[in-house]
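Thanks for coming, everyone. I'll go from the whole chain down to a few single residues. Here it is on the screen.

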Amino acid sequence: MTAAGAVQPTRNRRVTRRIVLVAVVLVVVVAMALSVKVVGKGSTVGAGPAAFSASAWGKTNFPKVQAAIAKRAVPATELAPAIIADPTAAAKKYGVDAGTGPEFATTFTGTVGAPQDGIYPVTVSGLPSGLLVRIQTGPAINGTDLRDAPGTIEFGQFTNQIDYQNAGAALNDQLKKQVLAEVDTGSLQGKKVTVTGAFQLINPKGWLVTPSALEVQG
């Protein structure tokens, strides 16, 4: 075979490879074009999950939380002796497991004492001697009593711990907007109030109640 004869098949193979490569590229381009979906401006197609809006969630769920706490609320005159007698049994009967301590929902009527940093003691007739009952009225509402007391709001309902914490804070914000804004919280001393709310049991002799409803009677 001559040298020219050997070169010809080589060139033919190169040309064939180029043709095959071009064909493959064309197939890929066509496949990509067919897989592209054109969407109009403002379409949500292909968008990720919407970011959690704590404020919107709190506004929607606060009335539900109010109703749940009201339904679970045990008169303080019944709850207090049960807690002092046997905190574990009381938690099992009346409480909701909240990790570091059970959450209780309660209701009572009493006379408001002198405040300290937005927290008022309330004297309630019929409670065991030595029990200090207080309510927090802001401006800062601390804790997650409103979130935890119903027993229906769980971490698994949220994407992460931050959203779960923000949900608790959002309920506290709605408490200020929907309940406490209607009350002159700066001048409660000496007045009679009816409170429905929740507290986490840390000390059987001291309750710090987050109100879900607060009515000033005089």
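Let's start with one loop residue, Ile-141. Leaving out residues up to four places away in sequence, Ile-141 touches Gln-136, Asn-172, Leu-175, Lys-176, Leu-180 and Thr-210. Keep in mind that this is a predicted model.

Where does Ile-141 sit? It is in the loop between β4, residues 132-136, and α5, residues 145-148. Is Ile-141 buried or exposed? Its relative accessibility is 10%, and the cut-off for buried is under 20%, so Ile-141 counts as buried.

Take one of its partners, Asn-172. Ile-141 and Asn-172 are 31 residues apart in sequence. In space, their C-alpha atoms are 6.1 Å apart.

Now the partner at the other end of the list, Thr-210. This one lies in strand β6, residues 206-216. Thr-210 is buried too, with a relative accessible area of 1%.

What does the side chain of Thr-210 pair with? It makes a polar contact with the side chain of Asp-145, at 2.8 Å. Setting aside neighbours within four places in sequence, Thr-210 has further contacts, including Gln-136, Asn-142, Leu-146 and Leu-175. Gly-197 and Ala-198 are also on that list. Note Gln-136 and Leu-175: each touches Ile-141, and each touches Thr-210.

Next, a helix pair. Two packed helices are described by the angle between their axes and the distance between the axes. Look at α3, residues 76-85, and α4, residues 87-94. Their axes come within 5 Å and cross at roughly 135 degrees. That angle falls outside the parallel, antiparallel and perpendicular ranges, so α3 and α4 are oblique to each other.

Which residues meet there? From α3, we have Glu-78, Leu-79, Ala-82, Ile-83, Ile-84 and Ala-85. From α4, the partners are Pro-87, Ala-90 and Tyr-94. By type, this contact has eight nonpolar residues, one charged and no polar.

Now zoom out to the whole chain. How many helices and strands are there? The chain has six helices and six strands. Along the sequence, the order is α-α-β-α-α-β-β-β-α-α-β-β.

Some totals to finish. The chain has 218 residues, and 35% of them are buried. About 13000 Å² is exposed, with carbon and sulfur atoms supplying 58% of that area. Take the contacts between residues at least 6 apart in sequence: 69% join residues at least 24 apart. The Ile-141 and Asn-172 pair, 31 residues apart, is a case to look at on the screen.

Note on methods:
Residues numbered from 1 in each chain as written. Predicted model: local features only at pLDDT ≥ 70, side-chain atom pairs only at ≥ 80, totals over all residues. Heavy atoms only, no water. Axes fitted to C-alpha atoms, helices over the stretch in contact; angles between N-to-C directions. Helix = DSSP H or I, 4+ residues; strand = E, 2+ residues; numbered from the N terminus. Parallel < 35°, antiparallel > 145°, perpendicular 65-115°, else oblique. Contact = heavy atoms within 4.5 Å. Nonpolar A, V, L, I, M, F, W, Y, C, P; charged D, E, K, R; others polar. Buried < 20%, exposed > 50% of the residue type's maximum accessible area, 1.4 Å probe, protein only. Areas by Shrake-Rupley, 256 points an atom, 1.4 Å probe, with all protein chains shown as cover. Polar contact = N/O pair within 3.5 Å; in protein donor to acceptor, adjacent residues only side chain to side chain.
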